[in-house]
Amino acid sequence: MDIAEVDRVIDQHGAEPSALIQILLEIQRRHHWLPGAALDRVAGRLGVPMTRVRHIATFYKAFSLVPKGRHEVHVCLGTACHVRGAERVLDAVRDATGLLPGETDAELRFSLETVNCLGCCALGPVMVVDGKTHGKLSPAAAADALKSYE
Amino acid sequence: MPRLNSREELDRLRREILARRDPGQRCIATCAGTGCLASGAADVVEAFRRELAARGLTDKIALRGTGCHGFCEKGPIVVLDPEEICCLQVTPADVPELVERTVLGGEVIDRLLYVDPQTGGKTIREPDIPFYKHQQRLVFGANRKLDPRRIEDYLALGGYRALVKALFERTPEQVIAEVKASKLRGRGGAGFPTGVKWEFARRAAGEPKYVVVNCDEGDPGAYMDRSLMEGNPHAVLEGLLIGAYAIGAHEGYFYVRQEYPLAVENLGIALRQAEELGLLGKNILGSGFDFTARVHRGAGAFVCGEETALLLSLEGRPGEPRPRPPYPAIQGLWGKPTNINNVETWANIPLILNDGAAKFAAIGTAESKGTKIFSLVGKICNTGLVEVPMGIPLRDVVYKIGGGIPGGKKFKAMQTGGPSGGCIPEALLDLPVGFDELTRAGSMMGSGGMIVMDEDTCMVDVARYFVEFLTEESCGKCVPCREGLRQMHRILTRITRGEGREGDLEALEQIAETAVEASLCALGKTAANPFLSTLRYFRDEYEAHIREKRCPALSCKALIRTWIDPEKCRACMLCLKKCPTGAIDGGKQRIHVIDQARCTNCGTCFEVCPTKFGAVRKLSGVPVPPPIPEERRTVARARKQDE
């Protein structure tokens, strides 16, 4: 991500300290993680100390300080999914990807995360890959679904 | 559309919209909420578009993507108006036939209708389906009739009439009096009287004042706010405008979880359309009232649903709760008086203004008025969003609306109130739904999640699950919550692993008491509820785990062994092929035996074993019988013997 793009995001939201979270969300959305250079730029232009930028970037779950895989896999562990067997779906996804939640593989193919409710409770257990929802999953179906992502 | 400068111009626009509409016009309404979209609704809509175009019917038959209908289990849902013929689990392949036979031919397609699981009877019209029939959809009902991306649809249903009433016929004090008289209580969880809250903010000293919509719906298992925000954003906006007028605020914020992209998108469209029409901005409808609203996306922190944390997050800071008082009504956003309400609360406001407080207050129990939307999920036949009058017995929600428990299983408990709530056992199912009623039973209303659990759900594991959730979500600012939860989690995990000790329950109770007394915010104060309520009603399950190392629900992995009953195994090879660790020994006509040393209790064999055999069983608290000797493992098939 080049600095000009970071500047454009900042300009869109206004270089105000209150826009910090919204700006970081936009950088995260475009780039899938928050590179150090981008954080430096945001801190500088918003006049916010780096400690606070880092505090935000680590406090909120939407942000990542390391590069993410091409495909972001979110396994829902919300209550409705939990009582319908989400743990076993997660086990199957872990086996299929070789990842623990929070990890990304060396080829940058998958990043695995768990989430606490995506609001698709009627379809549980649910897994979202790159924004696409896969519902009513069995462990085997979850592992199968991942095969179509290169 | 041109900007509207007076209430008369709004009325004229509404009349024009209605004049263009033929109430008898054929319309294909497909649910375009997140649930149905996940089930493939977008492809269904596209298939309809192509089919209508191919037949030259695009101008004659309307196609509408609506808000969430609530019956998410059976999506994608298509309703054919004006007859309200309801088709469930529609696929693009069904579309040509649906247009030919139902839309044009007027006959229903049997296989797409709702089938009653008990009687096998079919239902044609949406309102006649038991799931809907026993509901009272005052707030949520409009979702199904409108396209959330078209303000005209909302206006056609009488939208923004309540705003006109407030701006031109009521003083701010009268609006507050009306909301107070309705006895509306906050739908986000705490149940504080909304009118009283508004009055505090109105009377508070300091300018400017702010109003905020809390759509940081983090409670796992609850998604009514998402469906309202996605499916009827103008109703929430109208409520917010009325509240802002009553309190004297000119700026408002929508705080929406980033996990809800469709809600953010539809809300953004709604705000733009309202602004174009002059329903937002300067001098709204010529009344002299100014109001602007902005959308702020959350960044993934459960604790931000707590109001003081949410406000800090709006300022671009970490969402760590602070002690109250001062309450946000006195010192909120940027230190100014702020009124913050939940999505569903705001969406109730137009209803109260339109129909009057008396009519609203006529519904419900003495202390809980109006209707409430619940998300009925978990081990229940009809999963989805249901809106019911306060005071309805829980039993009716589970059996009349929810259709009971699937698979002939037994109801065990209903978890309400999210991670801070509790579990209601079978014996209390006749409890009427209400804020105080649920609290007295050791649970709470919360934002309205109702998670149904059956005999296969382990209550100790449920308590462990919620405490784990809260341990992760605790912001870490105060010690009782940060450290107390961690210790509770450690002990509960030990118990579910069969390493529980005498004295564990007492230690848990002590930590729980401290967390309740000494935590800063509601997250910590209520964090012990899932443990305390499960202990209150299911103490025997805890004791079985600790003393007998037995999980009565056969759910805790460390306490169960999987075993194949040699009397029942028909050597069908299904489990043998599917076992991920190769722990099953056997073959064609050779009874399968699980090697206990290699089995990980993943449950795959249990799931694939045909129900007619039912040979794979879970055992807990009893020793696994020794494998039968090799020479007795041959299965003699009845048919083969005959040959």
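This passage describes the fold of chain B, its nonpolar cores, its contact with chain A and one of its helices, all in a predicted model.

Chain B carries 25 helices and 19 strands. The chain is divided into five parts: domain 1 (20-131), domain 2 (151-361), domain 3 (371-454), domain 4 (459-547) and domain 5 (559-642). Between the centres of domain 1 of chain B and domain 5 of chain B, taken over C-alpha atoms, lie 45 Å. Along the principal axes, the C-alpha atoms of chain B fill a box of roughly 95 × 65 × 40 Å. The radius of gyration of chain B is 28 Å, which agrees with the value near 26 Å for a compact globule of 643 residues. Of these 643 residues, 53% count as buried. Among the contacts in chain B with a separation of 6 or more, 71% join residues 24 or more positions apart.

Turning to the interior, the largest nonpolar core has 223 residues, and those with the most contacts inside it are A:Leu24, A:Met127, B:Val236, B:Ile242 and B:Val397. Helix α11 (residues 233-247) of chain B supplies the largest share of this core, with ten residues. Another core, of 16 residues, lies apart from it and includes B:Trp563, B:Cys569, B:Leu576 and B:Cys605. Leaving aside residues up to four places away in sequence, B:Val397 touches B:Phe374, B:Leu376, B:Val386, B:Val388, B:Ile392, B:Gly402 and B:Met450. In soluble globular proteins, nonpolar side chains tend to be buried together.

The contact between the chains takes 38 residues from chain B and 32 residues from chain A. On the side of chain B that touches chain A, two or more residues each come from α2 (34-38), β9 (292-297), β11 (371-378), β15 (449-454) and α18 (459-473) of chain B. This side of chain B has 17 polar, 15 nonpolar and six charged residues.

A look at one helix adds some local detail. Helix α19 (residues 479-496) of chain B has 18 residues and reaches 25 Å from its first C-alpha to its last, close to the 26 Å expected at 1.5 Å a residue. The buried residues of α19(B) include B:Gly484, B:Leu485, B:Met488, B:His489, B:Ile491, B:Leu492 and B:Ile495. An α-helix has 3.6 residues a turn, so residues three or four places apart point the same way. The buried residues of α19(B) pack against α18, α20 (504-518), α21 (522-525) and α22 (529-547) of chain B. Just after α19(B), B:Gly498 adopts a positive phi of about 85°.

Conventions. Residues numbered from 1 in each chain as written. Chains lettered and ligands numbered in written order. Predicted model: local features only at pLDDT ≥ 70, side-chain atom pairs only at ≥ 80, totals over all residues. Domains from an automatic or database assignment. Core = buried A, V, L, I, M, F, W, Y, C linked by C-beta atoms within 7 Å. Buried ≥ 20, exposed ≤ 12 C-beta atoms within 10 Å, placed from the backbone. Helix = DSSP H or I, 4+ residues; strand = E, 2+ residues; numbered from the N terminus. Contact = placed C-beta atoms within 7 Å. Nonpolar A, V, L, I, M, F, W, Y, C, P; charged D, E, K, R; others polar. Rg over C-alpha atoms; globule rule 2.2 N^0.38 Å. Expected span 1.5 Å × (residues − 1).
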